[in-house]
Amino acid sequence: MKNLKKAPKEKKKIHFFSLPSAKISIIYYAISTISIIAISLVIPLILNYPPDSINTPFDIQMSGIAYVWQFTLIDILALFAIYFFMRFLFKPIDNWFIHKDNPKYSSQKNIDIIRKKCINLPYIVFIVELIVPGIVSLIILTLTGSHESTMIIKLSVIIVSFSCLFAVSSYMFSKNIFAKLLAETYKDNSNIGLRISLNIKLLMQILPICIIGLLGMGLIGYSKSIKSAEDTWFTVYNNELNNVFDTNEIYTYERISNLLQKVNLYHDKDSVSTFILSEDGKVDTISGKKPSNFVIEYTLQLSEKNNNKTYDSYAVDTQGATIKVHTKSKSYYVCILYDTNVKESLKYITYTFIILLIIITAILITIINSISKDISAVSDRLSHISNNEEVDKFTTIPVISNDEIGDLSKSYNSIQKMNKENLQKIKNSQDLLIEHERLASLGQMIGGIAHNLKTPIMSVSGASEGLSDLIKELDMSIGNKNVTEEDFHDIASDMNEWINKIRTHTSYMSDVITAVKGQAIVFSEEQVYPFNSKELFKQVEILMKHELKNSITRLNIKDYTTEDDLIYGNINSLVQILNNMISNSIQAYSLIKHDKETTINLTSKIEKNKIIINIQDFGPGLPDNVKEKLFKEMITTKGKEGTGLGLFMSYSNIKAHFHGEITFETSSKGTTFNIILPIHKS
């Protein structure tokens, strides 16, 4: 049979439009195109473009390119700029998206780079969108024809407004894509990158909209006032021309010039000019500045079509009234060009804009700070819970509003209430576990103690039988003349010897019963009193005797303290802690093969006004996974036989009830636990 080769795993194909950069580019380009179309429609209306001055041969003659193609060019440039800009910025994100099943690209280091990009990019792009469209548009408009500075200033206001709208819109619509990427790369690690406060986020989304509204209202108001002024002044100067000139009369050029000088001018000399324009484009300036090429061409081509009006340029507040008169040889256009801008109106609009912007910004900051403060109150409380700070205290947040923030406060209060109840349940369960552990250890201990008590009990029983025999012998000796006084002394001596043996054994049994009783009762705060290491080690030695003997382990006790070096607390609690640690050391020896007696050192000494109790074994040491979690959670190396409660509760007990510390050192040559306790001062 031929060996069948495994078919190579088919590589998953990633469609271009599924890439994050493509999705973001589509959103940004769509919003950019809509904004550009809107700007192209709004500009002629708000800036009072001269009639028939865009998308006509006249427009091409003046600007070199038709109005519609100016914005088409901007849109095409925006497409390429967005595409290449996004491809550059999103290159690491696209690479991860394509190869995310590859462990190399899923490393924590690479994930951190992706998350940092996803957090920072929205703000970077937001700033770019506020600045770049205006710069690019103004450069193009400046390079494409006779656009005067006043026009560019007005266009700047419109472009700034739409740049704000573009930036806010694209930020809002692209957030979902960034949010999905952040959710997909989340691995329980803290967010990295720019941290923008909620106040700033809300302000950067709301304030641009307010700026758009203020600028829009200002421009519309100014545009309407200019339109009204244009109509008024055109009527005035058109009547003046019609009163002086008769379109049906044949004039000489000298008479036309003399009559034009007699026309009443209602503007100051810097705001008005008069000139005579021949049909072949020659200009004779009578007063004021020389007319622009725009005025000349518009007058020749379009003024008669538009009720004898002429204009100085696009979006420039200078308009003119014309009348066509004739000589024998040719016709001339007599023109009065005058400013229509309302300087006072523009000044008031500017002041109003600045004042309103300051007021709106102050109001927004106040409102946003209020919202942020309410949210921060819940966030801070939740932070306390997550950091285990006073989690057992049931504190509520007052609900002061009937809205989403009020709902958030209610939810927090419900969580805190459940947290309090769950903590109580955990405490109750923990108490039961501790009690179960204590009783299990006690049961095992009593089994060993019962075995140890057999010898003294048998000895006491033998002594009682010996005493019984001596009593009978004494009774039979009474009245017997053969029994001497010395014999009676010998009987008494034997009886005394048996009584001493009974006393020794009963004292030992009393100590055992006392030690067991101490472990059998439930610990409480009322059972605390000063004791020394000698009392402590005596109970430990009694209670651990059987377990040590069965495991062929010697407990090497060295006490370098005095009887006056006292520990304050519950001695039975500390006995149980030491017993647990000694049992752990015995268990550690069971993990290595040995046929000789093993040793556990139990030492007490004084260091820096502290009592240090060391429990040292020479076993295999603690594994790394246990070292990292020791004292922090319940962990055991005994498999199903262990609960992990021992060391965890020992640490908690030493901290809470003895105001001490537990440390450890471990290596492949053994482990030492150090119990550090304050010396009791009477």
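Angles between helices and strands run from 0 to 180 degrees and are taken between N-to-C directions, along axes that are lines fitted to C-alpha atoms. The model shown in every view is a predicted one.

**Figure 1. Overview of the protein chain.** The protein chain contains 16 helices and 12 strands. It has 682 residues, and 40% of them are buried. Among contacts with a separation of 6 or more, 71% join residues that are 24 or more positions apart. About 39200 Å² of the protein chain is exposed, and 59% of this area is supplied by carbon and sulfur atoms.

**Figure 2. The antiparallel sheet and the helices that touch its strands.** Five strands form an open sheet with antiparallel pairing, in the order β2-β1-β5-β4-β3. Strands β2 (283-287) and β3 (309-311) are the edge strands, and each of them pairs on one side only. From one strand to the next, the twist averages 30 degrees. Helix α7 (residues 198-244) packs on this sheet, where it touches β1 (272-278), β3, β4 and β5. The direction of α7 makes about 20 degrees with that of β4. Helix α9 (residues 293-302) lies across β1, β2, β3, β4 and β5, and runs at about 155 degrees to β3.

**Figure 3. Pairing of β4 with β5.** Strand β4 covers residues 318-326 and strand β5 covers residues 331-339; nine bridges join them in the antiparallel sense. One of the bridge partners in β5 is Leu337, which is matched with Gly320.

**Figure 4. The mixed sheet.** A further open sheet of five strands shows mixed pairing, with the strand order β7-β9-β10-β12-β11. Strands β7 (553-559) and β11 (661-667) each have a single partner strand, so one side of each is left without a neighbour in the sheet. The twist here averages 15 degrees from one strand to the next. Strand β11 pairs with β12 (residues 670-678) in the antiparallel sense, over seven bridges. Thr666 stands opposite Thr671, a residue of β12.

**Figure 5. Helices α13 and α14 against the mixed sheet.** Helix α13 (residues 533-550) lies across β7, β9 (598-607) and β10 (610-617), and its direction is at about 175 degrees to that of β7. Helix α14 (residues 571-589) also packs on the sheet, touching β7, β9, β10, β11 and β12. The angle between the directions of α14 and β10 is about 25 degrees.

**Figure 6. The largest nonpolar core.** This core holds 33 residues, of which Leu574, Ile582, Ile613 and Ile675 touch the most other members. Two or more residues come from each of α13, α14, β9, β10, α16 (645-657) and β12. Helix α14 gives the most, with nine residues. When residues up to four places away in sequence are not counted, the contacts of Ile613 include Leu536, Phe537, Leu574, Leu578, Leu602, Phe673, Ile675 and Leu677. Ile613 also touches Thr603, Ser604 and Asn674, among others. Another core, of 23 residues, lies apart from the largest one; Ile39, Leu47, Phe294 and Tyr298 are among its members.

**Figure 7. Helix α3 and its buried residues.** Helix α3 (residues 67-89) has 23 residues. The distance from its first C-alpha to its last is 33 Å, close to the 33 Å expected at 1.5 Å a residue. Buried residues in α3 are Tyr67, Gln70, Phe71, Ile74, Asp75, Ala78, Ile82, Met86 and Leu89.

Technical notes. Residues are numbered from 1 along each chain as its sequence is written. This is a predicted model: local features need pLDDT of at least 70, side-chain atom pairs count only at pLDDT 80 or more; totals for chains, interfaces and linings use all residues. Side-chain values use heavy atoms; hydrogens and water are left out. Two strands pair if DSSP finds at least two bridges between them. Helices (H or I, at least four residues) and strands (E, at least two) are DSSP runs, numbered from the N terminus. Contact means heavy atoms within 4.5 Å. The expected span of a helix is 1.5 Å times one less than its number of residues. Buried means under 20% relative accessible area, exposed over 50%, partly exposed in between (1.4 Å probe, protein chains only). A nonpolar core is a set of buried Ala, Val, Leu, Ile, Met, Phe, Trp, Tyr and Cys residues joined through side-chain atoms within 4.5 Å. Accessible areas come from the Shrake-Rupley method with a 1.4 Å probe; for residues, only the protein chains shown count as cover.
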